[in-house]
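Trainee: I am new to this structure. Could you take a close look at one part of it, a place where strands pair, and then lead me on from there to the rest?

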Amino acid sequence: MRYPIAPLFCRPWTLNGITPRLIESHYEHNYGGALARLNAIAKELETLDPGTTPPDIISRLKRDEMTALNSTLLHELYFASLGGDGRTLPEIVASAIARDFASVDRWRQEYVALATALAGSSGWVLLTYVPRDGRLINQTASDHGQNIAGGIPILALDMYEHAYQLEFGANAAAYIAAFMRNIDWKAVQTRLEDATKVAPPRPLEQKQFAELPSITAEEIKAMLDSGTPVQIIDTRPKHYSTRAQDMMAGAIWRDPERVDDWIGELSKETPVVTFCVYGFHIGCETAATLRKAGFDARYMAGGHYAWKAIKGPVKLFA
């Protein structure tokens with residue numbers, strides 16, 4: 001497979017404080033060099049026999065391929081990020097940034113701070129959309145790597161010295177300011193709109209409990225922290241609980257096989273949360289039984305280990 005070159009998105013002669021000479025050199029030598037390396041590596045990989053080639057050679061080439069591909073893609077995004085009035089954000093982008101960073105000014109300060117920290121070093125500063133949570137996040141990426149898995153970068157600032165030294169010398173701050181003045185926010189908006197169409201990873205689906213309400217460990221912790229009344233029942237099976245060393249603070253253990261023996265202890269005026277080890281069956285079945293009996297019950301997704309994973313408080317099992 002041969003990777004084609006992408007045309008230069010920005011119009012170099014229109015940029016404010018960034019000369020055509022800098023863009024031309026950057027595009028020809030650094031972007032073009034990354035693309036050439038990528039195609040050379042891809043060609044070499046195509047000629048190898050995975051069955052006879054030493055694994056360390058394949059591993060090295062795949063690492064090199066990832067670096068060259070990321071460099072190619074990030075350079076394309078960098079050039080596509082330039083060419084506009086960086087001071088004026090479309091309402092869609094401004095609202096999204098304000099939602100995830102509290103304000104546009106706060107986003108800008110954080111983005112510039114990340115870029116400043118890379119001055120004299122190397123790497124990228126990216127504004128990335130994360131479909132998993134439907135939010136934007138600033139990040140740095142060193143050595144053309146360390147991108148957020150599943151994230152979709154929509155704005156890129158190249159902080160490798162090749163991006164500015166020819167024109168700005170060691171004055172990285174002036175280069176950063178020039179980049180911020182030239183952001184093409186309309187292009188950023190189109191990438192944001194495309195990114196938000198990407199579905200998040202599919203959640204865990206338990207078809208037999210599809211209609212049963214659940215609650216996350218974080219939501220339960222927020223209820224406990226705020227003092228919201230809730231009845232929390234640890235329904236880990238008896239054969240498991242006899243070996244358990246700890247349990248969720250604020251919970252009581254009850255045998256899921258003897259619900260009729262303890263259901264009378266519960267109040268129908270207060271929500272009930274049940275959980276088992278991992279949140280698959282026992283906690284769900286117990287919540288379903290309680291709901292049939294008229295209780296406002298739901299199960300905790302992820303079970304006992306989700307609670308421990310968020311560092312929720314525990315106590316000795318009793």
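Mentor: Two strands are said to pair if DSSP finds at least two bridges between them. The model is a predicted one, and its strands S1 and S2 meet that condition, because at least two bridges are needed and 7 bridges join them. S1 covers residues 124–130 and S2 covers residues 135–141. The two strands run antiparallel. Within the pair, Tyr129 stands opposite Leu136 of S2. The strands form a hairpin, with 4 residues between them. One residue of the turn is Gly134, whose phi is positive, at about 60°. As background, side chains in a regular strand alternate between the two faces of the sheet.

From the hairpin we can turn to the helices. Helix H3 takes in residues 91–101, and H3 packs against H4. Two packed helices are described by the angle between their axes and the distance between those axes. For H3 and H4 the angle is about 75°, and the axes are 8 Å apart. Angles of 65 to 115 degrees count as roughly perpendicular, and H3 and H4 are therefore roughly perpendicular to each other. On the H3 side, the contact is made by Ala94, Ile97 and Phe101. On the H4 side, Val104, Arg106, Trp107 and Glu110 take part. Gln109 also lies in H4. Gln109 is exposed, with a relative accessible area of 55%. Its C-alpha atom and that of Ala173 are separated by 13 Å, while the two residues are 64 apart along the chain.

H4, residues 104–117, also has a part in covering helix H6. H6 spans residues 172–181, and its buried residues are Ala172, Tyr175, Ile176, Ala178, Phe179 and Met180. What covers these buried residues includes, besides H4, helix H2, strand S3 (152–158) and helix H5 (165–168).

H2 deserves a look through one of its residues. Thr72 sits in this helix, which runs over residues 55–80. Thr72 is buried, because its relative accessible area is 4% and the limit for buried is under 20%. A polar atom of the Thr72 side chain lies 2.9 Å from the backbone oxygen of Ala68. Leaving aside residues up to four places away in sequence, Thr72 touches Tyr31, Ala34, Leu35 and Leu38.

Further along the chain is strand S8, residues 272–275, which holds Val273. Val273 is buried, at 2% relative accessibility. Its contacts, again without residues up to four places away in sequence, are Ile215, Ile220, Val230, Gln231, Ile232, Ile233, Arg298 and Met300. Val273 and Ala287 are 14 residues apart in sequence, and their C-alpha atoms are 7.3 Å apart in space.

That leaves the cysteines. A disulfide is a covalent bond between the sulfur atoms of two cysteines. A search of the whole structure finds 0 disulfides. Cys276 is in none, and the nearest cysteine sulfur, that of Cys284, is 6.1 Å away. The same distance holds from the side of Cys284, and 6.1 Å is too far for a bond, because a disulfide needs the sulfur atoms within 2.5 Å. Both residues count as buried: Cys276 has 5% relative accessibility, and Cys284 has 1%.

Note on methods:
Residues are numbered from 1 along each chain as its sequence is written. This is a predicted model: local features need pLDDT of at least 70, side-chain atom pairs count only at pLDDT 80 or more; totals for chains, interfaces and linings use all residues. Side-chain values use heavy atoms; hydrogens and water are left out. Buried means under 20% relative accessible area, exposed over 50%, partly exposed in between (1.4 Å probe, protein chains only). A polar contact is a pair of N or O atoms within 3.5 Å; within protein, one must be able to donate a hydrogen and the other to accept it, and residues adjacent in sequence count only if both atoms are side-chain atoms. Contact means heavy atoms within 4.5 Å. Axes are lines fitted to C-alpha atoms, for helices over the stretch in contact, and angles run from 0 to 180 degrees between N-to-C directions. Angles under 35 degrees count as roughly parallel, over 145 as roughly antiparallel, 65 to 115 as roughly perpendicular and the rest as oblique.
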